[in-house]
Structure formats: C-alpha cells, structure tokens
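Thanks for sending this one over. I have gone through the model and put my remarks in order for you below.

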Amino acid sequence: MSSARVVSAKAHANIALAKYWGKADAVENLPAVPSLSLTLAALCTRTRVELDASLAADELELDGAKTVGRPLERIVALLDRVRAADAPRARVSSSNDFPTAAGLASSASGFAALAVAANAAYGAGLGAAALSSLARRSSASAARSLFGGFVALPADASEAERVLDGADFPLTMLIAVTRSGPKEIDSTAGMKHTLATSPYYPAWVAHAPSLYAEVRRAVLARDLELLGAAVEQSALMMHASMFAARPALVYFTPATLAAVETVRALRKSGTLAFYTMDAGPHVKVLTAPGDAPAVERALADTPGVLRVLASGAGPDAALEGAA
Ligand code: DP6
C-alpha cells in the first residue's frame, strides 16, 4: 500500500450492573458468568489508527505518551486478528476524556474503539456483532462497549447484545473517585488469582446467573429499586469471592466504605441510590436523574472522595470518519 490510511473511532466506557468476574476459557477469553452493563456518555475513548507501509512494527501512543510492553502487545494481538500477515503496520494513538490514572475502566472503551478503527483501516468488513466478539478477545468488558445503553454479555457467548436503549430507562451514574494513582492488580490477574485460590469462587459462578437474570428483568421493567438491590448483591458477591482468595484480594479502602455508607444513609432518608464497585476503590452510584444533584453533593462531601463524575447512558461505538 503506498498511501497512508487514517481512521478514527470513539467508544464509551461501561460499568457492569451484573458483574463479570472469571473466565470459562482463558485462551478465547470467554466469561464464566453473564454480565450486564450501562454504557456511559461521559467517559469516552478516541482511538486513531494510521496505516504506514514504512513502519517495521506497530507503534502505540496512550494519552500522548509512547507506550511499549504489555499494552502494545495487546494492541498488536487485536490488529493481527483483522489484518493479513503482509498488511502494513499501524501507528495507534488513543486518548481518554476522563482520568485514566485513577484506574477507571479504560480498557473496555479502548479496545472497543480500537476494534472499530482497525476494522475500517484494514477494510476487514466486520459487522457490530463480530466487532464485539473481536473486542471481547482483548478484554471481555470491551465487548459491551460496542453498544450504547444497557448491554448484556451472556456467559460463554462470543459477543454482547443491547438489552435496552439508554433513553428508555434514564438513569444517572455517579462515580466517586477515591484515589488518583493506578490500581495495583488488574482484572485479568485478579480473576486468575480468585479462580485459583478462593473457595467462594464456585459459589460466585453458581449464583451470578440468577443475579444477572434479576438485573436484566429489572432493566426491562424499568424498576430502579429492584435493579439496585440486584446490582449491590452482584458487586458484593463478586468482592466476597475476592476476599476469600489467598492472599485476599481487597480493592476497598476506607474511602470506598465511607462512600457506601453515604449511599446507605441516602436510602434511609428515602433517596433511591445504589452502589457498585469494580477492581478498584472507586464507588459508582446509580440513581434517578432527578435525584442525581443531591446524591452527587453527598458523595462529594464524603471523606476520602476526591471528585465525582456524573454520566447518563452513552451511545454505540462509532467511526469518526477518515481523518
Ligand atoms: C470488575 O474485562 O477488564 O470490571 O477480560 O481479563 O480483560 P479481561 O477483564 P476485564 O474485567 C472487568 C471486570 C469488572 C467487572 C465487569 O466489568 O463486568
């Protein structure tokens, strides 16, 4: 190829309401449990793929910094799945419009945006389902970021599917950021450790499908109270499986528990707000848009909460057009 080809795509982060934790197949990266998430408008990754026949190897820039090692290897693995062996190498640059240093999920939106951009740059002709499956191979939660609104990734499934448009059940997700440094143990390593050492892991895998079904039913019924109860139990059951690992995997900090306490107090005084936590100390709180300003203030006033991000449901991952 003589002329360089440049494509940009964007995708949004998602937060799981029914958690994925554990793999049925680590090579294919198939989840052991079904999950369901909300894609977030306010957390967006933009990824640009530039094909350049003069490059000897792929290059990666993350938030403006040249990056090598494991992040680059994961990018190359995805590119290798969509291109011919003799295709030109790529210069990939990716940036987030939200603070990644805090360890907020950036791999989901990052791999979803990369799947869309790489598919277009190399002319692979993949549709949405195949792109979701491609993103899942890199990071299972990325399969869900291909779609906007409420999105399910069934267990053992290759790709995610939309369950409901965000506009059909308007909710606000508030993210109480409780630390500015990166997380210490990433999800992939954490899952592996839980599976290998936690006696509670089989119980988690056995119970997760019924919680997922409850979350799905509550989303389709647009019932925040029912949804919130299942969301909290899914998060706590996932973390319980980590607590029982050896050594224990504890992502919570005092600020995490303080933010959880804030949510419980809000609920006692009649505000519908529900918490969830991932592989990090931050607390994500689901509430109705009308209650969001009060919940946001209460979280911001919680000791140890550094800042609060607010978001409604986000859209599908999409091309931004040839640059
Ligand atoms: C706690 O999708 O990051 O956020 O497939 O190994 O890349 P890999 O894991 P990843 O795990 C996300 C775990 C979670 C829960 C969730 O998003 O469902």
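The points below cover the helix packing, the ligand surroundings and two backbone details.

1. A word on the source before anything else: this is a predicted model, so please read each point with that in mind.

2. Let me begin with H1 and H2. Helix H1 spans residues 70-82 and helix H2 spans residues 107-121; their axes come within 10 Å and cross at roughly 35°. The handedness of this crossing is right-handed. On the H1 side the contact is made by Arg 74, Ile 75, Leu 78, Leu 79 and Val 82, and on the H2 side by Phe 111, Leu 114, Ala 115 and Ala 118. Sorted by class, these residues are 8 nonpolar, no polar and 1 charged.

3. H2 also packs on helix H3 (residues 128-138), at an angle of about 130° and with the axes 9 Å apart. The pair is therefore oblique, and H2 and H3 cross in a right-handed sense. Here Phe 111, Ala 112, Ala 115, Val 116 and Asn 119 of H2 meet Leu 131, Leu 134, Ala 135 and Ser 138 of H3. The class count for this contact is 7 nonpolar, 2 polar and no charged residues. If you have the view open, look at Phe 111 and Ala 115: they are among the H2 residues that touch H1, and they are also among those that meet H3.

4. Further along the chain, how do H8 and H9 cross? The axes of helix H8 (residues 254-268) and helix H9 (residues 292-300) come within 9 Å, with a crossing angle of roughly 140°. Angles over 145 degrees would count as roughly antiparallel, so H8 is oblique to H9. H8 passes H9 in a right-handed crossing. From H8, the residues in contact are Ala 259, Thr 262, Val 263 and Leu 266, and they meet Val 295, Ala 298 and Leu 299 of H9. This contact has 6 nonpolar residues, 1 polar residue and no charged ones.

5. Now to the ligand. Which residues come nearest to the ligand? There are 19 residues around the ligand, and Tyr 20, Lys 23, Ser 139, Ser 141 and Thr 188 come nearest. For Lys 23, a polar side-chain atom lies 2.5 Å from a ligand oxygen atom. Arg 144 also places a polar side-chain atom 2.7 Å from an oxygen atom of the ligand. In Thr 188, an N or O atom of the side chain is 2.7 Å from an oxygen atom of the ligand. These three contacts would be a good place to start when you inspect the site.

6. One peptide bond deserves a look: the bond from Arg 246 to Pro 247 is cis, with omega near -5°. Pro 247 sits in the loop between helix H7 (224-243) and H8, so to speak on the way to the helix pair of point 4.

7. My last remark concerns Asp 63. What is the phi of Asp 63? The value is positive, about 45°, although Asp 63 is not a glycine. Asp 63 belongs to the loop between strand E5 (59-62) and strand E6 (65-66).

Conventions. Residues numbered from 1 in each chain as written. Predicted model: local features only at pLDDT ≥ 70, side-chain atom pairs only at ≥ 80, totals over all residues. Heavy atoms only, no water. Axes fitted to C-alpha atoms, helices over the stretch in contact; angles between N-to-C directions. Helix = DSSP H or I, 4+ residues; strand = E, 2+ residues; numbered from the N terminus. Parallel < 35°, antiparallel > 145°, perpendicular 65-115°, else oblique. Left-handed = near helix turned anticlockwise from the far one by under 90°. Contact = heavy atoms within 4.5 Å. Nonpolar A, V, L, I, M, F, W, Y, C, P; charged D, E, K, R; others polar. Near = heavy atom within 4 Å. Polar contact = N/O pair within 3.5 Å; in protein donor to acceptor, adjacent residues only side chain to side chain.
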